[in-house]
Amino acid sequence: MWKIIRIFVSVFVAFETLITGTLGGVSMKSVDMPEVSVGEYTKYVDPFIGTGGTPWTCGMLSPAATVPFGAVRLGPDTCFVGGAYIVKTNTSGYYYEQGHIIGFSHYRLSGTGAEDYGTFRVIPVVGKNEPTIMPYSHKNETASAGYYSVYLPSVGCLAEMTADTHTGVHRYTFNGDGDARLFIDVSAATQNRTTYKGKVRVDEESGVIFGSSELHGAFSDRYDGLPVYFAAVTDKPVVSYEISGGETDCGIDLNFGKLENESVEMKVGISYVSEENALLNLKAETDGLSFDDVRKNAVAEWEERLSSIKISGSDEIKTNFYTALYHAMIMPTNFTDVNGEYLNFAKEVSVAEGFTYRTDMSIWDTCRTTHPLYTLIAEEIQTDCLNSLVDMAASSGVGALPRWPQGAGYAGSMFGDSASIVVAESYLKGIRDFDVDAAYEFMKNTSDNPVKKSGRNYIELYNEYGYIPQDLAPNDESVSRTIEYAWQDGAIAALAEALGKTEDAEKYGEKSMYYKNVFNPETKYFQARNSDGSFVWNFSPYITAFYDAVMIKKFADCYSEGSARQWRWNALHDIDGMLELFGDNEYFVKELDDFMKDASLTRAAIDPGHGFWIGNQHDIHTPYLFANAGRPDLTQKWVRWTLDNRFSTDINGLDGNDDGGTISAWYVFSSMGFYPLAGTDKYWIGSPCVDGAEITLSNGKTLKITAENQDDKNIYVENVTLNGEKLDGLYLTHSQLMNGGELIFRMSKTPNK
């Protein structure tokens with residue numbers, strides 16, 4: 001099956017490459033592109049990393065122009081020749097291997113496997129031609145933090161994009177071959193997703209173009225659609241315009257007359273509240289500013305964010321590092337208009353007081369790396385997220401913190417209540433500026449009761465049996481759910497203890513041990529178990545859930561997106577207890593080492609296999625577990641192997657979907673020599689690949705990191721000191737890091753066991 005898929009995709013891409021050399025007489029030769037203005041840190045950001053590679057397991061990223069945590073991500077939407085799509089190649093709207101652009105839309109998810117947004121697509125047109133797909137060449141394409149440009153030979157047009165928080169700014173330079181036109185597809189959506197209720201109008205007095213639609217993407221359709229509004233202004237007068245289509249194919253064609261080597265700039269404000277707010281956002285952010293002014297501001301915003309960590313190392317390391325840090329700061333999304341209004345989960349307009357309401361959080365993934373990163377260097381973003389999660393649970397009436405909030409509703413992707421990990425960890429790290437009591441009640445409710453749209457499926461079975469029986473929840477990830485629910489109960493227990501709720505701490509602490517009930521002592525694997533206590537017969541640690549999708553017999557349907565081997569190491573709240581299940585540390589180390597060795601031979605492979613796969617989230621922590629079994633040297637070895645072999649500056653520079661910056665944040669942490677144990681205030685000590693780093697912490701203090709003798713051969717840590725004191729344990733604590741000072745790694749070629 002995989003061979004057939006690989007051959008099919010390879011042929012399609014080869015055909016695309018061949019036909020885009022020339023198309024209909026259109027030359028694809030290189031042209032002079034504008035110089036990209038960058039700063040000290042943004043010069044190392046390459047937005048094309050993770051935008052291509054093997055379909056399904058690529059980064060799912062986009063070179064779209066955006067600012068940190070913005071509401072607009074303005075960039076190209078691509079397709080194969082003839083407008084064809086291959087599923088899961090461009091969920092972000094863009095896939096590097098595709099040689100045609102269908103237009104430039106204002107919003108997209110970053111690094112996820114879900115097709116959503118893609119709203120208000122702008123298509124440059126010349127003469128009397130109809131809007132159509134446009135071939136392009138990567139030779140004539142550039143991108144940097146806050147900027148994207150491409151030359152479109154079939155239109156004779158240079159398209160440039162930049163952005164502010166809620167505003168996308170376009171600049172199109174035409175060569176004068178015919179009337180210059182911009183067509184706004186009001187009903188656009190990513191890939192084959194759809195919108196309804198499309199409307200557009202022109203205010204004849206002001207010349208402002210207003211429009212709206214109701215988005216029904218992969219996620220937004222799950223909560224009956226997301227209303228989106230825009231207001232657009234241009235710096236040149238519109239000679240004429242024509243509105244076309246109905247509510248599902250609405251558009252407006254703006255004609256600027258003949259522009260010979262002249263540009264037209266268009267600012268598009270976006271809001272999820274109203275057209276009036278869209279215009280208010282536009283004016284507040286970009287009124288009186290040119291395209292170049294907005295671009296300079298975007299670069300300045302990225303410079304400020306990226307400069308929170310100043311590293312030293314090779315240019316390749318810096319490119320990987322700052323691109324990863326950039327990707328970790330694209331989502332979550334600022335959903336709050338400049339007047340403080342936002343659309344809550346009841347689809348009502350609320351006003352954010354004392355915080356910025358944020359959404360688009362891939363929490364099942366981001367709870368592991370990106371949220372811990374924010375607690376370290378962007379505490380205000382983390383505090384916003386916490387307040388937003390509580391608001392979402394309260395306004396929706398569902399009674400649970402969302403696990404994948406997207407737009408104005410519960411996307412419900414993945415399973416469990418990973419927000420419990422985020423809340424507990426934040427509180428343990430001293431972040432208190434949110435309603436922790438309300439959050440705690442939502443967390444308990446999710447563990448104790450069934451909750452619609454969010455929460456934990458089969459929670460009644462979990463609470464009754466102490467695990468989810470496979471025969472009562474067939475084909476629905478019973479083992480993975482049991483393990484994750486136990487982890488989340490461990491987070492509730494930790495928060496209960498911190499809040500002084502002793503009885504609750506004991507109750508949820510006991511429930512957090514339920515993961516042991518699906519561990520088979522004979523096979524030493526977590527396995528599906530029936531309601532009578534028996535383990536299922538059809539077990540193989542080497543078959544993944546992906547293979548099950550095309551197999552008649554189900555061998556891995558009790559696991560989520562992986563194999564029994566990939567779910568073998570997941571009791572993060574009780575690592576010592578998990579080690580005891582294996583019998584002895586030597587056996588655990590051997591099995592874990594074999595697992596690491598069985599990683600795919602290639603990065604972002606179409607079949608990642610059953611071994612270590614950092615491209616998916618459930619086993620990304622595994623290199624650090626060697627330290628808990630007494631082998632920190634193997635942690636150091638495999639962390640460095642992962643940094644060297646699973647990240648690169650190529651278009652397939654990530655090993656899988658980035659999922660809101662999750663994989664990128666893994667690189668940021670690991671390259672500096674420490675990594676968060678999610679749900680706690682602890683960080684594992686690893687092996688840095690940077691020569692040094694200076695972190696401006698959220699509290700304003702500075703932590704300096706030095707890796708003495710660090711290079712590609714000196715990967716082992718001889719010793720570590722923090723402010724002159726030698727560290728002998730496995731972990732650093734959050735309070736230790738936040739006190740600032742100097743963390744020194746002395747590196748060596750020789751393992752220090």
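In the predicted model, Ser244 stands opposite Gly251 of strand β15. Ser244 belongs to a hairpin built from strand β14 (residues 240-244) and strand β15 (residues 251-271). The two strands pair in the antiparallel sense, over 5 bridges. Between them lie 6 residues. Within this hairpin, Gly245 takes a positive phi near 80 degrees.

A second antiparallel pair is formed by strand β3 (residues 75-79) and strand β4 (residues 100-105). Here too the pairing runs over 5 bridges. Thr78 has Ile101 in β4 as its bridge partner. Strand β3 is mostly covered, with 5 of its 5 residues buried.

Burial can also be followed at a single residue. Val228 sits in strand β13 (residues 226-234). Its relative accessible area is 0%, so Val228 counts as buried. Leaving aside residues up to four places away in sequence, Val228 touches several others. Among them are Thr119 and Phe120, then Gly211, Ser212, Ser213 and Leu215, and also Ile270, Ser271 and Tyr272. Glu275 lies 47 residues from Val228 in sequence. In space, the C-alpha atoms of Val228 and Glu275 are 8.6 Å apart.

Two open sheets were examined next. One has 6 strands, in the order β16-β27-β28-β32-β29-β30, and its pairing is mixed. Its edge strands are β16 (309-312) and β30 (725-726), each of which pairs on one side only. Strand β16 is joined to strand β27 (residues 692-696) by 4 bridges, and the two run antiparallel. In this pair, Ser312 stands opposite Gly692 of β27.

The other open sheet has 3 strands, in the order β25-β26-β31, with antiparallel pairing. The edges are held by β25 (674-676) and β31 (731-733). Each has a single partner strand, so one side of each is left without a neighbour in the sheet. From one strand to the next, the twist averages 35 degrees. Strand β25 pairs with strand β26 (residues 682-685) over 3 bridges. Pro676 stands opposite Tyr683 of β26. Helix α18 (residues 662-672) packs on this sheet and touches both β25 and β26. The direction of α18 makes about 140 degrees with that of β25.

Packing between helices is illustrated by α6 (residues 370-377) and α7 (residues 379-396). Their axes come within 6 Å and cross at roughly 125 degrees. That angle makes α6 oblique to α7. From α6, the residues in the contact are His371, Tyr374, Thr375 and Ile377. They meet Glu379, Ile381, Gln382 and Cys385 of α7. By type, the residues of this contact divide into 4 nonpolar, 3 polar and 1 charged. Helix α6 is mostly covered: 8 of its 8 residues are buried. The buried residues include Thr370, Pro372, Leu373 and Leu376. His371, Tyr374, Thr375 and Ile377 of α6 are buried as well.

Confidence varies along the chain. The mean pLDDT of the protein chain is 93, and 95% of its residues reach 70 or more. Over residues 1-8, however, the pLDDT is below 50. Beyond near neighbours in sequence, this stretch has 9 contacts in the model. The pLDDT also stays under 50 over residues 19-25. For residues 19-25, the model has 9 contacts beyond four places in sequence.

Note on methods:
Residues are numbered from 1 along each chain as its sequence is written. This is a predicted model: local features need pLDDT of at least 70, side-chain atom pairs count only at pLDDT 80 or more; totals for chains, interfaces and linings use all residues. Side-chain values use heavy atoms; hydrogens and water are left out. Axes are lines fitted to C-alpha atoms, for helices over the stretch in contact, and angles run from 0 to 180 degrees between N-to-C directions. Angles under 35 degrees count as roughly parallel, over 145 as roughly antiparallel, 65 to 115 as roughly perpendicular and the rest as oblique. Contact means heavy atoms within 4.5 Å. Ala, Val, Leu, Ile, Met, Phe, Trp, Tyr, Cys and Pro count as nonpolar, Asp, Glu, Lys and Arg as charged, and the others, Gly among them, as polar. Buried means under 20% relative accessible area, exposed over 50%, partly exposed in between (1.4 Å probe, protein chains only). pLDDT is the predictor's confidence in each residue, from 0 to 100. Two strands pair if DSSP finds at least two bridges between them.
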